[in-house]
Amino acid sequence: MKIFRNIRFLILLTSVCISLAVYLFVMFFVPSGSTQVVKLTESYALISLGYLYLTLLAGPFCYTFGWFAYQGLYLKARRALGVSTFYFALLHAGISFFAQLGGFNGLSFLTSGYLWAIIFGAVALFIFSLLALTSFDFAVSKLTFTKWKLLHRFIYLAGIFVLAHAVMLGAHFSNLSNGVSQITFVALAFLLLLEAPRLDKLLFKRFKVPQFGISFLMLALLLTAFYFSVIKQSFGTSAVSFDIHAAHRQLAQTTQQQSTFANNSKLNTIPGLNGDRNKRYTVSIATDPPNPQAGQDVTVRFSIYDATNGNRVSLFRLLYEKPMHFIIVNNSLTYFSHIHPVQQGSDFVITTQFPKDDMYHLYITFYPYGGIEQQVGFSLPIGQVPNPLSVSNSKPDASQTKTFSNYAVSVNTHGTLKASAMSLGQQTITFTVKDAKTGQPITNLKPYLAAFGHLTMINQQTFDFIHVHPYNLTPPAPTANGGPTVDFLPIGIYGPFTPGTYRAFAEFNPDGNLFTADFTINLE
């Protein structure tokens, strides 16, 4: 057929096939959950960048190397290459913005640097959309060739914005010594040097500068200086990726190096960390009755003070929709309760019951104005505490799937969990929820406390408490549905995790039926 001899049609068809092939490859060979989303966004971004480069290269390459046998075909293909650039950029933007960031609500969680990177990418995508819409012959005839050519020169501006977006946000550009960064630099240098003769002509036309290769010489010097002063200096260094958790990881690494981070402005817009990290607080606890017994109503009251002056603290921010979260476990870690005290003046008060005589461990998290999210732990004897205390000697679960009520829950640690790696936010934990009877994936997880799941981990030897943030920090809409997978990203923003055996309590809310799934996992 004649249409299959059309180079533009073949390029567009190939682009669609490539996008489908990448999608299927990621779905089948990349672990499910957030990892798939990240791989898709990265893959489509790199492919879009490749198409953009081929589009920009067409003119200078063919004009410089006039002997190139296929220059007519290459120049004709340029419009289709540009449309493919927009196609993959749109796929990248759609998946990263809605699946990874969570839409417009997620913008409030981002630093100014992240927002600027998104703005640069959005402007470039808008330019690509205009160029794609006007890449067809009828658009050229409507605009006239002169106006069309002027409009399509904006691709150079879009290229600058794309480069800024990639360097600021792309994981492959977080360390300029890696392979993708090196290839990009070499390709960009080649393109700029090919454009040098046209720049010489422009300088001669405008300013009568002699055409003896001054642009080529200046570009060569600048590129050489940039390589040795920036890129070569990156070899052997590490950098943190500018993903949505980059600042969390940076804070974790800084904390564990015992460095000061109080004035690091990049961290000030992270939920729970927007405040003075040097501020300290004390908390007092009182119970009514003073000697609580099992099976009776016990009113627990928390009073919070500024540790520097003893003044009561009464202003708090919401943290996952509540000003305070209260976790209760018994000494053997067989009982778990997650409840929410109510603020009364400067105190937080709640009435609850403890199921049996035992030593209980209480953990509260709160977020005072002026400070950052705080975690405080207590131990509270209830009734006649057994002697010796029953302790948890649970072994890590042999099966990664357990049944809770009507639901089968699987946990995937994506390999061996390393305390050191988890502390720096380098490992994720994925839970998958299915119907216990039918095995069908549960896709109607409802938001509970601004997330599709909550995860608490407690060391059964030391009772160290870890509140694990959901991987997606963007609160879903109240009517949104999630599942079947929920990803969590443990990060040691208060210090490194200790190796050991942990009891993990994951809370999910399928169609309003809130339940807790508990697993025993090991950290090496």
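Mentor: Before we count anything, helices here are DSSP runs of at least four residues (H or I), and strands are runs of at least two (E). Keep in mind that this is a predicted model.

Trainee: Okay, how many helices and strands does the protein chain have?

Mentor: Both kinds of element turn up in the protein chain. Going by those runs, the tally is 11 helices and 16 strands.

Trainee: What share of the residues in the protein chain is buried?

Mentor: A residue counts as buried when its relative accessible area is under 20%. Apply that to the 524 residues in the protein chain, and the buried share comes to 46%.

Trainee: Let's try a helix. How far does α1 reach from its first C-alpha to its last?

Mentor: Helix α1 covers residues 7-29, so with 23 residues at 1.5 Å a residue you'd expect 33 Å. The model comes close to that, with a reach of 32 Å.

Trainee: Which residues of α1 are buried?

Mentor: Start with a general point: an α-helix has 3.6 residues a turn, so residues three or four places apart point the same way. With that spacing in mind, look along α1 for the buried ones: Ile-7, Ile-11, Ser-15, Ser-19, Val-22 and Val-26.

Trainee: Now the open sheet of four strands. Which strands stand at its edges?

Mentor: The order is β1-β2-β6-β5, with antiparallel pairing. An edge strand has a single partner, so one side of it is left without a neighbour in the sheet. That describes β1 (281-288) and β5 (342-344).

Trainee: Which residue in β2 is the bridge partner of Val-283?

Mentor: β1 pairs with β2 (residues 298-306) in the antiparallel sense, over eight bridges. Follow Val-283 across to β2 and you land on Ile-304.

Trainee: Is Ser-392 buried or exposed?

Mentor: First find Ser-392 in the loop between β8 (374-382) and β9 (401-404). Its relative accessibility is 4%, and the cut-off for buried is under 20%, so Ser-392 counts as buried.

Trainee: Which residues does the side chain of Ser-392 make polar contacts with?

Mentor: One polar contact, at 3.3 Å, goes to the side chain of Ser-394. Another, at 2.6 Å, joins Ser-392 to the side chain of Gln-460. So, going by the 3.5 Å cut-off for N or O atoms, your two names are Ser-394 and Gln-460.

Trainee: And which residues does Ser-392 touch, not counting those up to four places away in sequence?

Mentor: Touching here means heavy atoms within 4.5 Å. Leaving out those sequence neighbours, Ser-392 touches Asn-331, Ser-332, Leu-333, Gln-460 and Arg-503.

Definitions and conventions:
Residues are numbered from 1 along each chain as its sequence is written. This is a predicted model: local features need pLDDT of at least 70, side-chain atom pairs count only at pLDDT 80 or more; totals for chains, interfaces and linings use all residues. Side-chain values use heavy atoms; hydrogens and water are left out. Buried means under 20% relative accessible area, exposed over 50%, partly exposed in between (1.4 Å probe, protein chains only). A polar contact is a pair of N or O atoms within 3.5 Å; within protein, one must be able to donate a hydrogen and the other to accept it, and residues adjacent in sequence count only if both atoms are side-chain atoms. Two strands pair if DSSP finds at least two bridges between them.
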